[in-house]
Amino acid sequence: MTPMPLPDPKQRHPIILPDGTPHAGTVLLSEAISHPNFSVGAYSYASAFDPPQDWASRLAPYLFPGARERVVIGRFCQIADSVRMITASANHAQDGLSCYPFPVFDPSQMAGFQPDTRDTVIGNDVWIGYGAMILPGARIGDGAIIGAGAVVRGSVPPYAIVTGNPASVIRHRFPKPQIARLLSLKWWDWPTELIARAEPAILSGDLDMLEGLAPD
């Protein structure tokens with residue numbers, strides 16, 4: 001298998017159609033999002049049938065600049081259409097007699113009022129399927145697959161496949177020893193040229209070959 005070059009990590013639209021035009025519905029998020037509360041690793045992309053001007057608002061509509069939580073997305077993630085991240089700012093206080101957010105209507109109290117400040121963290125090489133919803137404080141491990149329409153809360157283990165509402169683990173992609181080897185290799189952090197060389201091993205599932213290419 002001949003390795004293919006990786007897309008230019010500074011190119012907003014990484015997919016070039018056969019007629020030479022860029023596919024407007026797919027973007028590298030590191031180039032499409034400048035929101036101060038977003039951190040996105042290289043090569044992670046999102047797709048939409050109706051591509052927005054503001055990808056940050058499309059993915060995380062409750063994440064406001066200056067909020068105390070962040071969305072952190074690793075490298076080589078794949079995010080399908082209609083995925084939403086319901087971040088911590090969307091949460092209401094639940095320790096009183098009502099969940100009604102009285103302070104948000106008073107400018108003098110609004111700035112300091114945020115009952116939930118948990119970050120949303122998505123690891124590397126995570127595939128999030130169509131219409132999945134990621135709830136406040138979710139932490140998704142490297143290599144996980146989030147099924148279409150899943151509602152994710154809490155922690156998702158590395159290389160787990162989760163589906164349903166609430167999302168639950170239906171199985172792991174690989175046996176535990178293989179997962180441990182992959183997490184040790186962290187191929188997504190390798191130099192770009194080495195990842196390109198390792199592409200045949202990654203695509204064919206040849207872990208021995210991948211380990212043989214690992215940097216010293």
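How much area do domain 1 and domain 2 bury between them, and what percentage of it is on carbon and sulfur atoms? In this predicted model, the two domains bury about 860 Å² between them, with 68% of that area on carbon and sulfur atoms. The tour begins at this interface and then moves to the sheet.

**The two domains**

Select residues 26–173 and colour them as domain 1, then select 175–215 and colour them as domain 2, following the domain assignment of the chain. The C-alpha centres of domain 1 and domain 2 lie 27 Å apart. Domain 1 gives 9 residues to the contact, and domain 2 likewise gives 9 residues.

**The interface**

Display the side chains of R75, F76 and Y159 in domain 1. These residues lose the most area to domain 2, and together they account for 50% of what the domain 1 side buries. By class, the side of domain 1 that touches domain 2 consists of 4 nonpolar, 2 polar and 3 charged residues.

Which polar links cross this interface? The count of salt bridges between domain 1 and domain 2 is 0, while 2 residue pairs are in polar contact across the interface of domain 1 and domain 2, both at pLDDT 80 or more.

**The sheet**

Next, switch to a cartoon view and pick out the open sheet of 7 strands. Its strand order is β1-β3-β5-β8-β11-β14-β15, and the pairing is mixed. To find the edges, select β1 (26–28) and β15 (168–172), each of which pairs on one side only. Strands of a sheet pair through backbone hydrogen bonds, either parallel or antiparallel.

**From β8 to β15**

Select residues 127–128 for β8 and 145–146 for β11: these strands run parallel and are joined by 2 bridges. I128 has I146 in β11 as its bridge partner.

Continue to β14, residues 160–163, which pairs with β11 in the parallel sense, again over 2 bridges. Here I145 stands opposite I161 in β14.

In which sense do β14 and β15 run, parallel or antiparallel? They run antiparallel, joined by 4 bridges. Within this pair, T163 stands opposite S168 in β15.

**The last stop**

Finally, centre the view on the turn between β14 and β15. The two strands form a hairpin with 4 residues between them. Select G164 in this turn, where phi is positive, at about 90°. From the hairpin, β15 (168–172) can be followed as an edge strand of the sheet.

Key
Residues numbered from 1 in each chain as written. Predicted model: local features only at pLDDT ≥ 70, side-chain atom pairs only at ≥ 80, totals over all residues. Heavy atoms only, no water. Domains from an automatic or database assignment. Contact = heavy atoms within 4.5 Å. Buried area = accessible area lost by both parts, 1.4 Å probe. Salt bridge = Lys/Arg side-chain N within 4 Å of Asp/Glu carboxyl O. Polar contact = N/O pair within 3.5 Å; in protein donor to acceptor, adjacent residues only side chain to side chain. Nonpolar A, V, L, I, M, F, W, Y, C, P; charged D, E, K, R; others polar. Pairing = 2+ DSSP bridges.
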